[in-house]
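Welcome! Open your viewer and get ready to select a few residues as we go.

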Amino acid sequence: MARYGKEHKQATRQRIIERAGRRFKRDGIDGSGIAALMSDAGLTNGAFYAHFASKDDLVTHAVADQLRAQRESFAAQASDGGPGQVVREYLSVRHRDNPGEGCPSAALLDEIGRSTDATKQAYTEGLLAIIDGLNARSAPDDPEAARVKTLSVFAMMVGTLQLSRALSDPELADAVLEQGLRNVLAVRSADQPN
């Protein structure tokens, strides 16, 4: 039986983490069994424990990886169209209708709140990196106050997206998304210096 090198093992582990992150966002953490997660990565269940100590270990790594990817996406969007572009992309029908490709907070926040301390720590660190990255462009006088304000605005965005996803009436879901976009942009505009 051939043995694989360290790079192959790392690439396989990263593939598992990325595929698990998408499945968790689509089906939930509790709704995603190890068999499905490994199948998504093109591997057997037996390979799981060569990469992770437990499902909780995988959840922690997947949450951190999803937030890293979101931070990079937000940075690219902000470079292209400023912070308003981040808000418009986030509160879009495309984002709402594709949870597996979207925000880990909007898809998993309730489950992360019930996860292990390690997962909560990975979430906290990843989210603060996103928030601080968004704030770095504005160079505020009071970074801690800016952090709290941006976290509050982000919470508004997450809640809007979650509510829009949960509504069975498509017109109402779209209206909530559109009003949420206007609300967030209004809050951001009120916080900008004149």
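How many Å should the 27 residues of H3 span at 1.5 Å a residue, and how far apart are its end C-alpha atoms? Keep in mind that this is a predicted model. Select helix H3, residues 55-81. At 1.5 Å a residue, H3 should span 39 Å, and its end C-alpha atoms lie 38 Å apart, which agrees.

Next, colour the buried residues of H3, among them Leu-58, Val-63, Leu-67, Phe-74 and Ala-78. Polar names such as Asp-65, Gln-66, Gln-70 and Gln-77 also appear among the buried residues of H3. Now show the partners: the buried residues of H3 pack against H1, H2, H4, H6, H7 and H8. Just after H3, stop at Gly-82, where phi is positive, near 80°.

Now for the interior. Select Phe-24, Leu-58, Tyr-90, Leu-91, Phe-154 and Met-157: these have the most contacts inside the largest nonpolar core, a set of 38 residues. Elements giving two or more residues to this core include H1 (6-27), H7 (117-136), H8 (143-166) and H9 (170-191). H3 gives the most, with seven residues.

Zoom in on Leu-91. Leaving aside residues up to four places away in sequence, Leu-91 touches Met-157, Thr-160, Leu-161, Leu-177, Gly-180, Leu-181 and Val-184.

For the last stop, pick Ser-92, in the loop between H4 and helix H5 (93-96). Is Ser-92 buried or exposed? Its relative accessible area is 16%, so Ser-92 counts as buried, the cut-off being under 20%. Finally, follow the side chain of Ser-92 to the backbone oxygen of Glu-89, which it reaches at 2.8 Å.

Note on methods. Residues numbered from 1 in each chain as written. Predicted model: local features only at pLDDT ≥ 70, side-chain atom pairs only at ≥ 80, totals over all residues. Heavy atoms only, no water. Core = buried A, V, L, I, M, F, W, Y, C linked by side-chain atoms within 4.5 Å. Buried < 20%, exposed > 50% of the residue type's maximum accessible area, 1.4 Å probe, protein only. Helix = DSSP H or I, 4+ residues; strand = E, 2+ residues; numbered from the N terminus. Contact = heavy atoms within 4.5 Å. Expected span 1.5 Å × (residues − 1). Polar contact = N/O pair within 3.5 Å; in protein donor to acceptor, adjacent residues only side chain to side chain.
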